[in-house]
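Thanks for making room on the agenda. I will go through the charged pairs, then the pocket, then how far to trust the coordinates.

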Amino acid sequence: MQRTLLSAAIAIAFMAGVSAQDKPNFAGKWKAANSFNSWTITVEGSKMTVTVTMAGNSESTVYLLDGTPSKKTFEGPNGLMENVYTSTWEGDVLVTTIKTAFGTTLIEKRWLEPDGTMRIQNTLLQEGKPSPPPGPGMVLKRSGSSMSAFKVLR
C-alpha cells in the first residue's frame, strides 16, 4: 500500500514538474521594427520585470508569473492611481489580465514564435460594450545575436 502511494506521489510530482517546464524565457533586450523604443526583460524565479525605454526615459512593470497580482502605481490626473496585473500561463502563452485604474480590463498575451521573435497582443474589455477583435499586436526581435532566444525556463 505504501509503495503504491509513493509511486502515485512520484508520478504526480513528475507531472507537475513537466507542466512547469518549457515556459518561454522572455529575458533579453528587444526592439520592434521601425521603433526607437527598446524593451529589457529580466526573469528571476517567478518575477519578470519589463523595462521599456522611450526617448531616454525608462519605465518598469513587474509581472509575477505564478498568478499572484502585482500592482503598478502611477501619477494620474487627480493623484496616484494603480493598475493591477495578474499573469497566468495558458500552455506557452503568458496571459496577463490588467485591471486599469480607469475601470477597463486589458488582456495581454505574450509568446515566442518558432523564429525567436516575441509577439504581444492586447485586447481591451469595457463593461457593457462588445470587445473588439484583437489587433495584429506587436512583434519584437532580440537585440544582438544571443542564442538564449531559444532557451526555456526550467
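Start with arginine 119, which counts as partly exposed because its relative accessibility is 25%, and buried would mean under 20%. This is a predicted model, so please take every value as computed from it. The partner of arginine 119 is glutamate 113: the two form a salt bridge, with the closest N and O atoms 3.1 Å apart. Glutamate 113 has a relative accessible area of 27%, so glutamate 113 is partly exposed as well.

How many salt bridges are there by this rule? The count is three.

The next one joins lysine 72 and glutamate 59, where the closest N and O atoms are 2.6 Å apart. This pair links distant parts of the chain, since lysine 72 sits in strand E6, residues 70-76, and glutamate 59 in strand E5, residues 57-64, with their positions 13 residues apart in the numbering. Are the two ends buried or exposed, or something in between? Lysine 72 is at 15% relative accessibility and therefore counts as buried. Glutamate 59 is at 47%, so that end counts as partly exposed.

The remaining salt bridge is between the side chains of arginine 110 and glutamate 108, at 3.0 Å from N to O. Here both residues are buried.

Glutamate 108 brings me to the pocket. The largest pocket holds about 380 Å³ of space. Which residues come closest to its centre? They are Trp39, Val52, Thr61, Tyr63 and Glu108, out of 17 that line the pocket. Several strands supply at least two lining residues each: E4 (47-54), E5, E7 (79-90), E9 (105-112) and E10 (118-125). By character, the lining divides into 10 nonpolar residues, three polar and four charged.

Last, confidence. Mean pLDDT for the protein is 82, and 80% of the residues reach 70 or more. Residues 1-20 have pLDDT below 50, and beyond near neighbours in sequence that stretch makes one contact in the model. Residues 145-154 also stay under 50, but there the model has 19 contacts beyond four places in sequence. Where pLDDT is low, the predicted coordinates should not be read in detail. For residues 145-154, then, I would not lean on those 19 contacts.

That is what I have; questions are welcome.

How values were computed. Residues are numbered from 1 along each chain as its sequence is written. Side-chain values use heavy atoms; hydrogens and water are left out. A salt bridge is a side-chain nitrogen of Lys or Arg within 4 Å of a carboxyl oxygen of Asp or Glu. Helices (H or I, at least four residues) and strands (E, at least two) are DSSP runs, numbered from the N terminus. Buried means under 20% relative accessible area, exposed over 50%, partly exposed in between (1.4 Å probe, protein chains only). On a 1 Å grid over the protein atoms alone, a cavity is a set of points where a 1.4 Å probe fits but cannot get out, and a pocket is an open set with protein on both sides within 12 Å along at least five of seven lines; lining residues have an atom within 4 Å of a point. Grid points are joined across faces, edges and corners, and a volume is the space filled by probe spheres set on the points. Ala, Val, Leu, Ile, Met, Phe, Trp, Tyr, Cys and Pro count as nonpolar, Asp, Glu, Lys and Arg as charged, and the others, Gly among them, as polar. pLDDT is the predictor's confidence in each residue, from 0 to 100. Contact means heavy atoms within 4.5 Å.
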